[in-house]
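Please look over the model shown here, with attention to how its strands are arranged and how one of its helices is packed.

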Amino acid sequence: MNKTIISSLLLAMTGIAGTAALASPAPVTVGGAPMYANKNIIQNAVNSKDHTTLVAAVKAAGLVETLSGPGPFTVFAPTNAAFAKLPAATVPTLLKPENKGQLTSVLTYHVLPGKLSATALRAKIKAGNGRAMFKTVQGEELTFTQAGRRLQITNSKGGKSTITIADVNQSNGVIHVVDAVLLP
């Protein structure tokens, strides 16, 4: 009888441990909304109160279908505050239909092909003796460095942006929230 009780307890404990191991980690919250790893970049981004300008720009550029696709993509997502740092007329001008090409260029400059976690970026920076360069979907390069614990991105003109929330996993890639818009 004792063997039966012990066996039952071991089975129950194994079942509990197995269930815990299968449970998904809690989603990262961005802009007051949970970002679910089983949803794509667009499905999550539209729920972030901090990314309404980015979502409007992605829609205006006609990139919704692309960023909803299979990817994988690494997206550096500027917040509304990041867009607000640009000169006053920049965003309204970029959102005009006649500037769709320029807007697309700016947005795709924030996207790398493939899925690169913050750990992978740090490893590339270390392997590159303190910096790593990646070609964006737009075609130009971004330079990555580490400043303390933070990852910094420098655009081709010397402008800098810092990753403020890293590794927001998506079904078709990963988002890293950034504090400045990168201009090609």
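The briefing below takes up the sheet, then a strand pair, then the helix.

This is a predicted model, in which local features need pLDDT of at least 70 and side-chain atom pairs count only at pLDDT 80 or more, while totals for chains, interfaces and linings use all residues. Residues are numbered from 1 along each chain as its sequence is written, and side-chain values use heavy atoms, with hydrogens and water left out.

**Sheet**
- Seven strands (DSSP E runs of at least two residues, numbered from the N terminus) form an open sheet in the order β4-β3-β9-β8-β7-β6-β5, with mixed pairing, where pairing requires that DSSP finds at least two bridges between two strands.
- The edges are β4 (111-113) and β5 (132-135), each of which pairs on one side only.
- On average, neighbouring strands of this sheet are turned by 30 degrees against each other, direction ignored, with axes taken as lines fitted to C-alpha atoms.

**Strand pair**
- Strand β6 (residues 141-147) pairs with β7 (residues 150-154) in the antiparallel sense over five bridges, and the bridge partner of T143 in β7 is T154.

**Helix α8**
- In helix α8 (residues 118-127; helices are DSSP H or I runs of at least four residues), A118, L121 and I125 are buried, that is, under 20% relative accessible area with a 1.4 Å probe and protein chains only.
- These residues lie on the same side of α8 because they cover an arc of only 60 degrees around the axis, the arc being that of the directions from the helix axis to the C-beta atoms.
- The face of α8 turned away from its buried side carries T119, K126 and A127, which are exposed, meaning over 50% relative accessible area.
- Just after α8, N129 takes a positive phi of about 55 degrees.

Notes. Axes are lines fitted to C-alpha atoms, for helices over the stretch in contact, and angles run from 0 to 180 degrees between N-to-C directions.
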